[in-house]
Amino acid sequence: MLRKVKLMGVATALLVISQGLGAQEEESAEVFLEEYTDQFEECFFEALKQKSIANYDKAINLLLQCSEFTSNQKVLDYELARVYLANKQHIQAQDYAIRALNDQPENPWILSTLLDILQAQGNNHQLVRERIPWDNITLRKNLVSLYFDRTDYTNAQEVLKDMPN
């Protein structure tokens, strides 16, 4: 009987110790992710700060560095498109805007940025039509709306003709 009690005591002690180690690993992982998130946030907000003071090269480098800290490229692609546009690097801006639009085809802000890039080059949506999710009706509705807001009725009408009723 005494032997069973000792064995139960040892088993309980092992169980408590193993649970403590598991909790320590979880806590360690949370601290690691928290630190990783903090590094991303610091880098991202520093990039936005650099963009706001027109230090575009540094902002681009910081945004590219941010991709090391996250697997979520959506916001980075959009911001890179905007910074490249501000820096008048239209080809790079267009590539990042298209990537962002393919991830979020119904986002009117990304579409607006892409139109800004295309207009800066003297182009319209026809140039990138094959590279964006053209089948998305919401994207096309947003495009028509943006063209109307910009008083570009010819392109708005062209998109409308191509849409189902």
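Thr 151 sits in the loop between helix 6 (137–149) and helix 7 (153–161), and that loop is a good place to start a tour of this predicted model. Thr 151 has a positive phi of about 55°, although it is not a glycine. Is Thr 151 buried or exposed? With a relative accessible area of 52%, Thr 151 is exposed, because exposed residues are those over 50%.

**Another loop residue with positive phi**

Lys 88 belongs to the loop between helix 3 and helix 4. Its phi is near 60°, a positive value in a residue other than glycine. Lys 88 counts as exposed too, at 65% relative accessibility. The table below puts these loop residues side by side.

| Residue | Loop | Phi | Relative accessibility |
|---|---|---|---|
| Lys 88 | between helix 3 and helix 4 | near 60° | 65% |
| Thr 151 | between helix 6 and helix 7 | about 55° | 52% |

**The helices on either side of Lys 88**

Now let us look at the helices that the loop of Lys 88 joins. Two packed helices are described by the angle between their axes and the distance between the axes. Helix 3 covers residues 74–86 and helix 4 covers residues 90–103; they pack at an angle of about 155°, and their axes are 8 Å apart. How do helix 3 and helix 4 run relative to each other, roughly parallel or roughly antiparallel? Angles over 145 degrees count as roughly antiparallel, so this pair is roughly antiparallel. The crossing of the two helices is left-handed.

On the side of helix 3, the contact is made by Lys 74, Asp 77, Tyr 78, Leu 80, Ala 81, Tyr 84 and Leu 85. Helix 4 contributes His 90, Gln 92, Ala 93, Tyr 96, Ala 97, Arg 99, Ala 100 and Asp 103. By type, the residues of this contact divide into nine nonpolar, two polar and four charged.

**A buried serine**

For a contrast with the exposed loop residues, turn to Ser 112 in helix 5 (residues 108–120). Its relative accessible area is 17%, so Ser 112 is buried, the limit being under 20%. Which residues does Ser 112 touch, leaving aside its neighbours within four places in sequence? Ser 112 is in contact with Leu 146 and Arg 150.

**How far to trust the model**

The mean pLDDT of the chain is 84, and 78% of its residues reach 70 or more. Over residues 9–18, however, the pLDDT is below 50, and this stretch has zero contacts in the model beyond near neighbours in sequence. Residues 21–26 also have pLDDT below 50, with zero contacts beyond near neighbours in sequence. Where pLDDT is low, the predicted coordinates should not be read in detail.

Note on methods: Residues are numbered from 1 along each chain as its sequence is written. This is a predicted model: local features need pLDDT of at least 70, side-chain atom pairs count only at pLDDT 80 or more; totals for chains, interfaces and linings use all residues. Side-chain values use heavy atoms; hydrogens and water are left out. Axes are lines fitted to C-alpha atoms, for helices over the stretch in contact, and angles run from 0 to 180 degrees between N-to-C directions. Helices (H or I, at least four residues) and strands (E, at least two) are DSSP runs, numbered from the N terminus. Angles under 35 degrees count as roughly parallel, over 145 as roughly antiparallel, 65 to 115 as roughly perpendicular and the rest as oblique. A crossing is left-handed if the near helix is turned anticlockwise from the far one by less than a right angle, and right-handed if clockwise. Contact means heavy atoms within 4.5 Å. Ala, Val, Leu, Ile, Met, Phe, Trp, Tyr, Cys and Pro count as nonpolar, Asp, Glu, Lys and Arg as charged, and the others, Gly among them, as polar. pLDDT is the predictor's confidence in each residue, from 0 to 100. Buried means under 20% relative accessible area, exposed over 50%, partly exposed in between (1.4 Å probe, protein chains only).
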